[in-house]
Amino acid sequence: MANDTNRFLAIISHSKEYGFIFPSSEIYDGLAAVYDYGQWGSELKKNIKDHWWKSMTQMQENIVGIDAAIFMHPTTWKASGHVDNFNDPMIDNKDSKKRYRVDHLIEGYVDKLKADGKTEEGEAIIEVMEALIAQDDFAGLKKLIEDHKIKCAISETSNWTDIRQFNLMFATEFGSTASADDADNKVYLRPETAQGIFVNFLNVQKTGRMKVPFGIAQIGKAFRNEIVARQFIFRMREFEQMEMQFFIRPGTEGQWYEYWKTERMKWHQDLGIPAEKYRFHDHVKLAHYAKAACDIEFEFPIGFKEVEGIHSRGDFDLTQHQQFSKKKLQYFDNDLDESTGKPIGNYIPYVVETSIGLDRMFLLVMSNSYREEELGTPEKPDTRVVLQFPPKLAPIKLAILPLTKKDGLPEIARAIMNDCKSEFKCFYEEKDTIGKRYRRMDALGTPFCITVDHQSKEDNTVTIRYRDNMQQERIPISDVKQMIAKQIR
Ligand code: ATP
């Protein structure tokens with residue numbers, strides 16, 4: 001098995017070689033931190049999306065979904081705080097001219113300390129760093145970098161500039177004559193999908209006759225001009241979020257925050273991903289909108305990292321939009337107040353949100369599924385690469401493989417394909433030896449293969465081969481569709 005760095009590199013190259021992910025516009029040498037999903041990547045991504053959407057909307061009576069536009073009125077981002085606050089502290093190395101996000105620079109240094117067995121020293125540095133970030137103490141952060149003689153990976157010097165803030169939003173202009181500097185025409189590519197939900201809060205509440213507590217879910221693209229954009233699809237400039245804003249009665253936020261923490265962790269583990277690969281990380285520095293916040297972290301090959309955030313946002317967003325738009329964004333609660341016996345009346349609901357990166361979830365599923373297995377014997381060694389995707393997420397559910405291209409076997413295989421393809425994604429292949437075809441399906445994460453052979457003509461059975469344990473058994477052709485449909489449910 002590859003070590004962790006090699007494992008990460010192996011996952012990246014496997015993703016490209018097998019049509020999951022390509023660098024964007026690769027024939028022009030790519031575009032930093034932008035990626036395209038290929039034929040199997042887009043299937044896997046869609047399956048993750050569908051699974052999240054179903055569990056958030058279809059399975060919840062009080063959550064509905066929307067699909068808001070990427071462009072929003074520019075005042076949205078004034079109200080949300082993104083124009084003034086969506087910044088990251090950055091530092092430049094004067095010799096290499098390379099720019100670093102301060103927390104990433106320090107974390108990279110700490111990772112090296114930990115690799116050298118100096119875990120306690122590393123953790124103490126992180127604690128100091130988090131306290132300094134919480135106070136926006138840039139002089140203190142620079143001193144921390146200097147005191148530990150943290151170096152730039154390229155120039156290998158500690159010749160640093162002062163720390164400055166950089167806004168992460170992309171701007172463009174609306175209309176044909178304006179320039180991007182023209183404040184009236186400047187629009188932003190949304191840096192998060194949440195604001196599309198907040199500005200539609202009343203539309204949905206009224207037209208959907210929703211009663212607090214209720215949620216609005218959305219999946220969509222978001223854009224951030226990440227300064228340090230590396231680590232493959234972990235940190236992209238164009239990515240997708242799956243967010244849900246849950247509107248609640250003020251005073252109930254503690255209980256709903258805990259509820260959604262539990263629910264979301266359960267969602268992850270219900271996919272069969274081991275619990276020990278997950279942990280919660282409470283935020284020390286709260287974002288400008290947050291009352292409480294934590295991340296669900298997963299142990300990627302690059303270490304424990306955030307995949308999802310759960311945030312108790314209070315009434316910050318709706319209050320801000322009410323103030324900037326001068327439109328009332330209140331809810332009338334006609335439940336009776338226990339003490340007065342009268343309707344509770346008008347209030348601005350509080351919000352607990354769950355926000356997960358679709359691309360990060362994709363990387364999580366890939367990282368958890370990728371295996372390099374030693375097979376065979378010492379005399380005849382053999383290896384295989386297999387993606388052990390949860391069957392419901394696998395891009396291809398069933399491969400249908402006639403043993404030979406003749407003797408009527410392709411016709412039987414095609415008939416099975418025609419019977420199954422409206423239910424789930426099937427793949428038909430007759431080229432190469434059966435062993436090679438199995439290996440290719442392992443590498444694509446296909447959980448089931450069936451082989452049609454000469455016996456199939458006699459007794460209407462096929463061999464089913466299971467990806468994970470490579471066991472095979474004969475089953476009647478008439479059972480195939482139902483059996484696979486049951487397994488992927
Ligand atoms: P980070 O600290 O990693 O920059 P964040 O705390 O800014 O992330 P949020 O604003 O809470 O992230 O966004 C919610 C989710 O969106 C994150 O948990 C992550 O899965 C995803 N996400 C955020 N930024 C990116 C990005 N640049 N590329 C891919 N996914 C991202």
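**Figure 1. Helices and strands across the whole predicted model.** This predicted model holds 16 helices and 23 strands. Its C-alpha trace runs about 75 × 65 × 55 Å along the principal axes. Of the 489 residues, 49% are buried. Take the contacts with a separation of 6 or more, and 64% of them turn out to join residues 24 or more positions apart. The accessible surface adds up to about 23,900 Å², with carbon and sulfur atoms supplying 49% of that. On the charge side, there are 67 positive and 75 negative side chains, and the centres of these two sets sit 3 Å apart.

**Figure 2. Glu240 and Lys49, a salt bridge between a strand and a helix.** The protein's salt bridges number 31, and this close-up picks out the one between the side chains of Glu240 and Lys49, at 3.1 Å from N to O. Glu240 belongs to strand β10 (residues 238-248) and Lys49 to helix α2 (residues 39-58), so the pair links distant parts of the chain, 191 residues apart. Is each partner buried or partly exposed? Glu240 is buried at 8% relative accessible area, while Lys49 is partly exposed at 25%.

**Figure 3. Two salt bridges that use strand β13.** First up is Arg313 with Glu192, whose closest N and O atoms are 3.8 Å apart. Arg313 lies in strand β13 (residues 303-314) and Glu192 in the loop between β8 (186-189) and α8 (194-198), so the salt bridge ties together parts 121 residues apart in sequence. Both ends are tucked away: Arg313 is buried at 1% relative accessibility, and Glu192 is buried at 7%. The other salt bridge here joins Arg264 to Glu308, with 2.6 Å between the closest N and O atoms. Arg264 comes from helix α10 (residues 253-269) and Glu308 from strand β13, and the two are 44 residues apart. Again, both Arg264 and Glu308 are buried.

**Figure 4. A salt-bridge network of five residues, Asp88, Arg101, Asp103, Glu226 and Arg235**. Here we go beyond single pairs. Salt bridges link the side chains of these residues into a network, with Arg101 and Arg235 among the members, along with Asp88, Asp103 and Glu226.

**Figure 5. Lys261, a buried lysine with no salt bridge**. Lys261 sits in helix α10. Which side chain of opposite charge is nearest to Lys261? That would be Asp282, 4.1 Å away. A salt bridge needs the nitrogen within 4 Å of a carboxyl oxygen, so this pair doesn't make the list. Setting aside neighbours within four places in sequence, Lys261 is in contact with Phe280, Asp282, Cys294 and Ile310.

**Figure 6. Aromatic company: two pairs and a cluster.** The count of aromatic pairs comes to 20. In one of them, the ring centres of Trp52 and Trp53 are 6.5 Å apart and the planes meet at 40°, so the pair is tilted. Though next to each other in name, these two have their own surroundings: Trp52 is buried at 0% relative accessible area, and Trp53 is partly exposed at 32%. Tyr259 and Trp260 make an edge-to-face pair, 5.1 Å centre to centre with 90° between the planes. Tyr259 is partly exposed at 34% relative accessibility, whereas Trp260 is buried at 2%. Elsewhere, Phe198, Phe201, Phe214 and Phe247 gather into one aromatic cluster.

**Figure 7. Backbone oddities in the loop between α9 and β9**. Most residues other than glycine have a negative phi, and most peptide bonds are trans. This loop holds an exception of each kind. The peptide bond from Val212 to Pro213 is cis, with omega near 5°, and Pro213 is placed in the loop between α9 (201-207) and β9 (214-223). Arg209 lies in that loop too, and its phi is positive, near 50°. Its side is open to the outside: Arg209 is exposed, with a relative accessible area of 76%.

**Figure 8. Asn460, another residue with a positive phi**. Asn460 is not a glycine, yet its phi is about 55°. Where is Asn460 found? In the loop between α15 (454-459) and β22 (461-466). Asn460 is exposed, with a relative accessible area of 52%.

Terms used
Residues are numbered from 1 along each chain as its sequence is written. This is a predicted model: local features need pLDDT of at least 70, side-chain atom pairs count only at pLDDT 80 or more; totals for chains, interfaces and linings use all residues. Side-chain values use heavy atoms; hydrogens and water are left out. Helices (H or I, at least four residues) and strands (E, at least two) are DSSP runs, numbered from the N terminus. Buried means under 20% relative accessible area, exposed over 50%, partly exposed in between (1.4 Å probe, protein chains only). Contact means heavy atoms within 4.5 Å. Accessible areas come from the Shrake-Rupley method with a 1.4 Å probe; for residues, only the protein chains shown count as cover. Lys and Arg count as positive and Asp and Glu as negative; His and the chain ends are not counted. The place of a charge is taken as NZ of Lys, CZ of Arg, CG of Asp or CD of Glu. Rings of Phe, Tyr and Trp (its six-membered ring) pair if their centres lie within 6.5 Å; planes under 30 degrees apart count as stacked, over 60 as edge-to-face and the rest as tilted.
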